[in-house]
Amino acid sequence: MARRERRGLGRSRPARTGGVTGAPLGDAATDGDSATGGDAATGGDSATGPVAPGDGSSPGRRGLSRRGLFAAAAGAAGAAAVGTGGFAAGRASAGGGSSPAVFFGEHQAGIVTPAQDRLHFAAFDVSSSASRENLIELLQDWTDAAARLVRGLDVTEEGAVGGPALKPPDDTGEALGLGASGLTLTFGLGPTLFRDRDGTDRFGLADRKPELLAELPHFSGDQLDAALSGGDLCIQACADDPQVAVHAIRNLSRIAFGRASLRWSQLGFGRTSSTSTAQQTPRNLFGFKDGTANIKAEETGTVDAQVWVGEDDGPDWLVGGSYLVTRKIRMTIEIWDRQSLDEQERVIGRDKGEGAPLSGGGEITEPAFSALGPDGRGIDVDAHVRLAHPTSNDGAKLLRRGYNYVDGNDALGTLDAGLFFIAYQRDPVAQFTAMQRRLAGSDLLNEYITHVSSGVFAIAPGIREGQHIAQALFED
Ligand code: HEM
């Protein structure tokens, strides 16, 4: 297995078989990215063109395990036997939804897929009594169910209304008629899956743990809630309809019954990033355009250099995958709202109306850190965009895919609101951690934000038809 050395950001990287030739991270900030990434239009993340989703009924493809089916029909023990037939029937992808996402391919969907409007993110703990076989069976069951859900189908053929009247339905039914709504499901594996906090290798995976998959260090100002952080497994469900995303997490949690349970979850409304040049830049809850300088799907050179794990990165089972960092960042909205427009713009380093850098130009003009704009203002030494810019971070970038959240209000009557920050990258140490160290040190934004939860996950590569999530992890 090719294991790379701890890399500086200027390292070189050999060409990938069948993919786009990789570039060092340092080059990616300035490379001329080709705009040929057609995947963005289809919602698939495959760099080599999406694999047709098929109907999942090919020989050898299975339905949910009996255990998964019984779990889905929670409490149905002793009920009439349930069928495990093919995938042809069930809820059709009818009505109201945007086109279904591609599920099978070289990379998982939900990363460079144009960011949908809604999020339900969930982290799971695998049961202390689960065996390695139980874990594999769960990943098989999730794969089978997910391949159906992203096509707007119920989790099984019997689904919400097609089963015996005396048995709880396999599918909970709240997404009937909503269609696929652009649903993507992205699966990740946390460090504790490989070795739990007591050091126990529960599933015989410890020697397969990626070197870079480790709990993030403590950053200055962190006020993390352990109950809202970490997790053995995670699922990111993104869709253009909130109920479709919630339905997916609800039913996948149900299928996990007895093998894994929800540790924490987060709803997000309103994307805070564009991941395609075809998308307009949305706004975060501070009212600023967010995602302007994000990595876009069409920048295939940068995506390859900064997002996907390459062949020389190791471990082999993760090639074509990525690393996900999640941070729930509480924003003190009321204090921010009392700042002058001038101060708000100084903190970010861009103007609020157009999102242009204070050094001048329009939204997509590159910031010029030593220049003054037409109104005589420059970009503060501690402005957010200066500290987060690749020139301050050895060329490192992130593919940001976060969502606004409002979880009601606290006892003082202030909004419990903020940004559920999601970032994909090829190396969480050289990318997120290095950047967050810099931001935690002196970012002007720190006066208005607090990080309250944290997660890091290895994102398995794309799933091939007939295989399950992270299958290569379990193979010799
Ligand atoms: C609530 C917290 C945050 C808010 C409100 C926020 C807001 C913004 C805004 C308004 C921009 C400018 C528009 C854009 O290019 O997207 C920006 C850029 C950026 N932010 Fe944040 N951000 C937050 C947290 C973070 C964190 C935790 C990181 C990473 C550790 C980060 C990394 C970046 C990066 C890489 C850029 C692009 C910089 C560039 O290349 O110009 N942000 N952010």
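1. Two strands are taken to pair if DSSP finds at least two bridges between them. By that criterion, β7 and strand β8 (residues 415-425) pair in the antiparallel sense, with five bridges. The structure under discussion is a predicted model, and the points below should be read accordingly. Within this pairing, Val406 stands opposite Ala417 in β8. The hairpin of β7 and β8 has five residues between its strands, and Gly413 there adopts a positive phi near 85 degrees.

2. On its connection to another strand, β7 (residues 403-409) also pairs with strand β4 (residues 260-271), in the antiparallel sense and over two bridges. Here Arg271 is the residue that stands opposite Tyr403 in β7.

3. Strand β4 in turn leads to β1. Nine bridges join β1 to β4, and the two strands run antiparallel. Phe124 stands opposite Leu262 in β4. A further seven bridges join β1 to strand β3 (residues 233-239), again in an antiparallel arrangement, where Phe124 stands opposite Leu233 in β3.

4. How much of strand β1 is buried? For β1 (residues 118-126), the count is nine of its nine residues. In a regular strand the side chains alternate between the two faces of the sheet. In β1, both faces are covered: Arg118, His120, Ala122, Phe124 and Val126 are buried on one side, and Leu119, Phe121, Ala123 and Asp125 are buried on the other. The buried set therefore includes the charged residues Arg118 and Asp125 alongside residues such as Phe121 and Val126.5. The chain as a whole has 11 helices and nine strands. Of its 476 residues, 52% are buried. Among contacts in the chain with a separation of 6 or more, 76% are between residues 24 or more positions apart.

6. The largest nonpolar core has 104 residues, and Leu183 and Ala245 have the most contacts inside it. Helix α4 (residues 132-149) contributes the largest share of this core, eight residues. Domain 1 (113-180 + 231-270) and domain 2 (272-476) each supply at least three residues to this core. Leaving aside residues up to four places away in sequence, Ala245 touches Arg118, Leu119, His120, Leu183, Ala237, Cys238 and Ala239. Of these partners, Arg118, Leu119 and His120 are among the buried residues of β1.

7. Which residues of helix α9 are buried? In α9 (residues 341-348), they are Glu345, Val347 and Ile348. Viewed down the axis of α9, its buried residues fall within an arc of 155 degrees, so they line one face of the helix. The face turned away from this buried side carries Asp342 and Glu343, both exposed. Part of what covers the buried residues of α9 is α10 (384-388). Just after α9, Gly349 has a positive phi of about 95 degrees.

8. The shell around the ligand comprises 29 residues, of which Phe288, Thr292, Ala293, Ala388 and Leu419 come nearest. Two or more residues of this shell come from each of β5 (322-331), α10, β8 and α11 (429-442). The largest share, four residues, is that of α11. Two of the elements named here appear in earlier points: α10 is part of the cover over the buried residues of α9, and β8 is the hairpin partner of β7.

9. Ile459 belongs to strand β9 (residues 449-459). Why does Ile459 count as buried? The reason is that Ile459 has 27 C-beta neighbours inside 10 Å, where 20 or more suffice for a residue to be buried. Apart from residues up to four places away in sequence, Ile459 touches Gln108, Thr186, Gly188, Gly321, Ser322, Tyr323, Leu324 and Tyr424. For one of these pairs, Ile459 and Tyr323, the C-alpha to C-alpha distance is 5.5 Å, although the two are 136 residues apart in sequence.

10. Gln306 is located in helix α7 (residues 300-306). Gln306 counts as buried because it has 28 C-beta neighbours inside 10 Å. Its C-alpha atom is separated by 6.6 Å from that of Lys397, a residue 91 positions away along the chain.

Key. Residues are numbered from 1 along each chain as its sequence is written. This is a predicted model: local features need pLDDT of at least 70, side-chain atom pairs count only at pLDDT 80 or more; totals for chains, interfaces and linings use all residues. A nonpolar core is a set of buried Ala, Val, Leu, Ile, Met, Phe, Trp, Tyr and Cys residues joined through C-beta atoms within 7 Å. A residue is buried if 20 or more other C-beta atoms lie within 10 Å of its own, exposed if 12 or fewer, and partly exposed in between; C-beta atoms are placed from the backbone. Domain bounds come from an automatic or database domain assignment. Two residues are in contact if their C-beta atoms, placed from the backbone, lie within 7 Å. The arc is that of the directions from the helix axis to the C-beta atoms. A residue is near a molecule or strand if its C-beta atom, placed from the backbone, lies within 6 Å of it.
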